[in-house]
Amino acid sequence: MSAINVTQVQVLDNPQFFVNPLQFEIQYECLQNLANDLEWKLTYVGSAEDDAHDQVLDTVLVGPVGVGSYKFVFQADPPDVSKIPQSDVLGVTVLLLTCAYNGTEFIRVGYYVNNEYADEELRENPPSAVRLDRVVRNILAEKPRVTRFPCEFDAPSIPTANEMDDLETENDPVDGYGFGAPSDCAPVDAALTSGVHPGFGYGGDPAGHGLAEMR
């Protein structure tokens, strides 16, 4: 059983202009006391052809984490467009939200992202140079790809009777969020296991995650 159960990830302020920050409200449960921090990371896939254009938008450390339920907003600046090939600024790409403990990634939530002009005239007659101030980013929040990986968390201590009572009342699974109960190595929602793209690292070590791998 995983020590961390991510119960909900909500994309905030979406759709939004490309130049505005990205925001995710993350809810999770911790089922045992952890001595070290959780490392949350947001990565933008800049090109389907070359993962050298991937950008880590931000990393945040949370912890140490005790038993209980948690919620926070992860905000990150948009990608640096100068590091993205001009031909890849518009169109479909990917955002990856990951969490790791002691350097081991144990969950990956991937979203398709569509970048296009807000104005119909610009969509029909795009300028030679991208008008970034008119580009709208739409994260397809209803269709995340959730993948879990094995992770050795801290060895739990034997709980007392009072602690067991607290676990029963504080850590009941949250229904309806789509992330499900914790699991060591497989996506917990059966609906997400069909057609999982290898680009999200399903079924083994976190491998590449370029857009080309997902198709």
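Mentor: A salt bridge here is a side-chain nitrogen of Lys or Arg within 4 Å of a carboxyl oxygen of Asp or Glu. Keep in mind that this is a predicted model.

Trainee: Thanks! By this rule, what does the count of salt bridges come to?

Mentor: One pair is R134 with D119, at 2.9 Å from N to O. R131 and D133 also meet, at 3.2 Å, and R108 pairs with E105. By this rule the count comes to 3.

Trainee: Is R108, which forms a salt bridge with E105, buried or exposed?

Mentor: The closest N and O atoms of R108 and E105 are 2.8 Å apart. Buried means under 20% relative accessible area. E105, at 18%, is therefore buried. R108 has a relative accessible area of 3%, so R108 is likewise buried.

Trainee: Which element gives the most to the lining of the second largest pocket?

Mentor: That pocket has a volume of about 210 Å³, and among the residues nearest its centre are R108 and E105. At least two lining residues come from each of β4, β5, β7 and β8. With 4 residues, the element that gives the most is β7.

Trainee: And which element gives the most to the largest nonpolar core?

Mentor: The core holds 40 residues, and F24, Y28, L38 and W40 touch the most other members. The elements that give two or more residues include β1, β3, β4 and β8. L38 touches residues including Y28, V60 and F106. With 6 residues, the element that gives the most to this core is β8.

Key:
Residues numbered from 1 in each chain as written. Predicted model: local features only at pLDDT ≥ 70, side-chain atom pairs only at ≥ 80, totals over all residues. Heavy atoms only, no water. 1 Å grid on protein atoms, 1.4 Å probe; cavity = no way out; pocket = protein on both sides within 12 Å on 5 of 7 lines; lining within 4 Å. Points joined across faces, edges and corners; volume = space filled by probe spheres on them. Core = buried A, V, L, I, M, F, W, Y, C linked by side-chain atoms within 4.5 Å. Buried < 20%, exposed > 50% of the residue type's maximum accessible area, 1.4 Å probe, protein only. Contact = heavy atoms within 4.5 Å. Lists of a residue's contacts leave out its neighbours within four places in sequence.
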